[in-house]
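Thanks, everyone. I have a short tour for you today. Please take a look at the screen.

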Amino acid sequence: MAKKNDEKIKITLKRSLIGVPEKHIKIVKSLGLGKTNSTVEHAASQTIMGMVNKISHLVEIVK
């Protein structure tokens, strides 16, 4: 679990999911992103960062 003083990151979906593999779509949905330009905030845990690394070409990360 994330600690209270963990760093937060904002993840924004910048590219469309049309034509991307189903695996990437599942990762985007599990992060809580829906439509293009939607933004969520997560703790910068190893799990979240691993997911973001898989779809780095679709998202923008702001610390």
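Let's start with H57. It sits in the loop between α2 and β3. Keep in mind that this is a predicted model.

Is H57 buried, partly exposed or exposed? It counts as partly exposed, because its relative accessibility is 41%. Now look at what surrounds it. Setting aside neighbours within four places in sequence, H57 is in contact with R15 and H24. There is also a long step in sequence here. H57 and L13 are 44 residues apart along the chain, and their C-alpha atoms are 9.6 Å apart in space.

Follow that contact to H24. This residue lies in helix α1. H24 has a relative accessibility of 18% and therefore counts as buried, the cut-off being under 20%. What does H24 touch? Leaving out residues up to four places away in sequence, it touches K54, I55, H57 and L58.

Stay in the same helix for a moment. K29 is found in α1 too. K29 counts as partly exposed, because its relative accessibility is 46%. With residues up to four places away left out, K29 touches L17 and G34. Compare its position with S56. The two are 27 residues apart in sequence, and 14 Å apart from C-alpha to C-alpha.

Next, the helix pair. Helix α1 covers residues 22-31, and helix α2 covers residues 46-54. Their axes come within 10 Å and cross at roughly 140°. How are they oriented to each other? They are oblique, because roughly 140° falls outside the ranges for parallel, antiparallel and perpendicular, and antiparallel would need over 145 degrees. The crossing of α1 past α2 is left-handed.

Which residues meet there? From α1 come H24, I27, S30 and L31. From α2 come I48, M51, V52 and K54. By type, the residues of this contact divide into 5 nonpolar, 2 polar and 1 charged. You have met H24 already; here it is on the α1 side of the contact.

Now the sheet. It is open, with 3 strands. The order is β2-β1-β3, and the pairing is antiparallel. Which strands are at the edges? They are β2, residues 39-43, and β3, residues 59-62, and each pairs on one side only. On average, neighbouring strands are turned by 25° against each other, direction ignored.

A word of background. Strands of a sheet pair through backbone hydrogen bonds, either parallel or antiparallel.

Take β1 with β2. Strand β1 spans residues 8-13. It pairs with β2 in the antiparallel sense, over 5 bridges. You can check the register on screen. I11 stands opposite V40 in β2. I9 stands opposite H42 in β2.

Then β1 with β3. How many bridges join them? There are 4, and the two strands run antiparallel. Here L13 stands opposite V59 in β3. That is the L13 from earlier, with its C-alpha 9.6 Å from that of H57.

Last, put helix and sheet together. α2 lies across β1, β2 and β3. It runs at about 25° to β1. So α2 has two partners in this talk: the strands it lies across, and helix α1, whose residues meet its own.

To recap with our starting point: H57 is in the loop between α2 and β3, and among its contacts is H24, in α1. Thanks for listening.

Methods. Residues numbered from 1 in each chain as written. Predicted model: local features only at pLDDT ≥ 70, side-chain atom pairs only at ≥ 80, totals over all residues. Heavy atoms only, no water. Axes fitted to C-alpha atoms, helices over the stretch in contact; angles between N-to-C directions. Parallel < 35°, antiparallel > 145°, perpendicular 65-115°, else oblique. Left-handed = near helix turned anticlockwise from the far one by under 90°. Contact = heavy atoms within 4.5 Å. Nonpolar A, V, L, I, M, F, W, Y, C, P; charged D, E, K, R; others polar. Buried < 20%, exposed > 50% of the residue type's maximum accessible area, 1.4 Å probe, protein only. Pairing = 2+ DSSP bridges.
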